[in-house]
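Got your viewer open? Let's take a walk through this model, one selection after another.

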Amino acid sequence: MAQPGFPEILSLGDQGYGDELLRGALVTLEISTCAYLIGICIGLAGAMGKLGNIRSVRAFLGLYTTIVRASPDLIIILLLYYAGTGLLNSMLAARGYTSVHISGFAAAVAVLAFMYGAYSTEVLRAAIQAIPIGQIEAAKAVGMSPWLRFRRIVVPAMLPLAIPGMANLWLNVTKDSSLIAVVGYTELLLATRQAAGNTKLYFLFFFSASLIYLAITLVSNQAFKRIEAHYRRGMPKLG
């Protein structure tokens, strides 16, 4: 049976690979979104820890962010996925438990969240430090508790400063999710490689995948522009 030509090869259904690419793009967005949100939580806790008064916590977080930012992302993914799973099963076996199988999706989210938690830590720390100290001192002067200061003063003042950096991290995590293909979990890049390998139409499929990544980027840029405009309302415009 002859191989369908363009554009049928990109159509949905049995004749084309369009559904595989769209399914891979959906998985990419799912992995990226989960990892990004968890990474923000890690980053927020890390930023507060690095700005705190506990020296051991600051030292640990400094080591964490330095190692992650200094190491290639692919090495971290392979190390955490293979060595981390092996270490966990060895610890379980030592205690008499059976080994566990970690799903590719959970492993992908955990690895990317670990990486982007370090990046988020530095972005959020810089944003918090950029808040005028007078606002914090005024909140202390009126008797606000630490949690109330954080919720009513720190977060609203930090967000307009942090959003541009967090937008860059989101775009980076959507691209770095493609590195998960090396551990065999099917997302957009692996689906593209499989389709290209089956049809030998490498340029067509990789170009199509690049357009999907571009579409994600353009939509994300518009979304973050709206978010930034919302949180900068009432503030003087830059430039």
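Before you click on anything, keep in mind that this is a predicted model.

**Stop 1: Ser120**

Select Ser120, which you'll find in helix H4, the stretch covering residues 104-129. Is Ser120 buried or exposed? Its relative accessible area is 2%, so Ser120 is buried. Show the side chain and look back along the chain: it reaches the backbone oxygen of Tyr116 at 2.8 Å. Now ask your viewer for the contacts of Ser120, skipping the neighbours within four places in sequence. You should get Gly39, Ile40, Gly43, Met166 and Leu169.

**Stop 2: two cysteines**

Next, select Cys34 and Cys41 and display their sulfurs. How many disulfides does the model have? The count comes to zero. Why no bond for Cys34? The closest cysteine sulfur, in Cys41, is 12 Å from that of Cys34, which is too far because a disulfide needs the sulfurs within 2.5 Å. Seen from the other side, Cys41 is in no disulfide either, with the sulfur of Cys34 as its nearest, 12 Å away. Try a surface view here too: Cys34 counts as partly exposed at 32% relative accessibility, while Cys41 is exposed, with a relative accessible area of 54%.

**Stop 3: Asn89**

Go to Asn89, in helix H3 (residues 73-94). Asn89 counts as buried, at 18% relative accessibility; the cut-off for buried is under 20%. Which residues does Asn89 touch, if you ignore those up to four places away in sequence? They are Ser99 and Val100. Then draw a line between the C-alpha atoms of Asn89 and His101: the two residues are twelve apart in sequence, and the line comes out at 8.8 Å.

**Stop 4: helix H7**

Now pick out H7, a helix of twelve residues. From first C-alpha to last, H7 reaches 17 Å, close to the 16 Å expected at 1.5 Å a residue. Zoom in on the N-terminal end, where Glu187 acts as a cap: one of its side-chain oxygens lies 3.0 Å from the backbone nitrogen of Leu189.

Colour the buried residues of H7 next: Leu188, Leu190, Ala191, Thr192, Ala195, Ala196 and Thr199. While you look at the spacing, here's a handy rule: an α-helix has 3.6 residues a turn, so residues three or four places apart point the same way. What do the buried residues of H7 pack against? Show H1 and H8, and you have the partners.

**Stop 5: Lys200**

Step just past the end of H7 and click on Lys200, which takes a positive phi of about 65°. Lys200 has that positive phi although it is not a glycine. Lys200 sits in the loop between H7 and H8, and at 56% relative accessibility it counts as exposed.

**Stop 6: helix H8**

Carry on into H8, residues 202-231. How many residues does H8 have? There are 30, and H8 reaches 43 Å from its first C-alpha to its last, close to the expected 44 Å.

Give the buried residues of H8 a colour of their own: Leu204, Phe205, Ser208, Ala209, Tyr213, Ile216, Ser220 and Phe224. To see what covers them, switch on their surroundings, which include helix H1 (18-50), helix H6 (146-176) and helix H7 (188-199). You've met H7 already: its own buried residues pack against H8 as well as H1.

Key: Residues numbered from 1 in each chain as written. Predicted model: local features only at pLDDT ≥ 70, side-chain atom pairs only at ≥ 80, totals over all residues. Heavy atoms only, no water. Helix = DSSP H or I, 4+ residues; strand = E, 2+ residues; numbered from the N terminus. Expected span 1.5 Å × (residues − 1). Buried < 20%, exposed > 50% of the residue type's maximum accessible area, 1.4 Å probe, protein only. Contact = heavy atoms within 4.5 Å. Polar contact = N/O pair within 3.5 Å; in protein donor to acceptor, adjacent residues only side chain to side chain.
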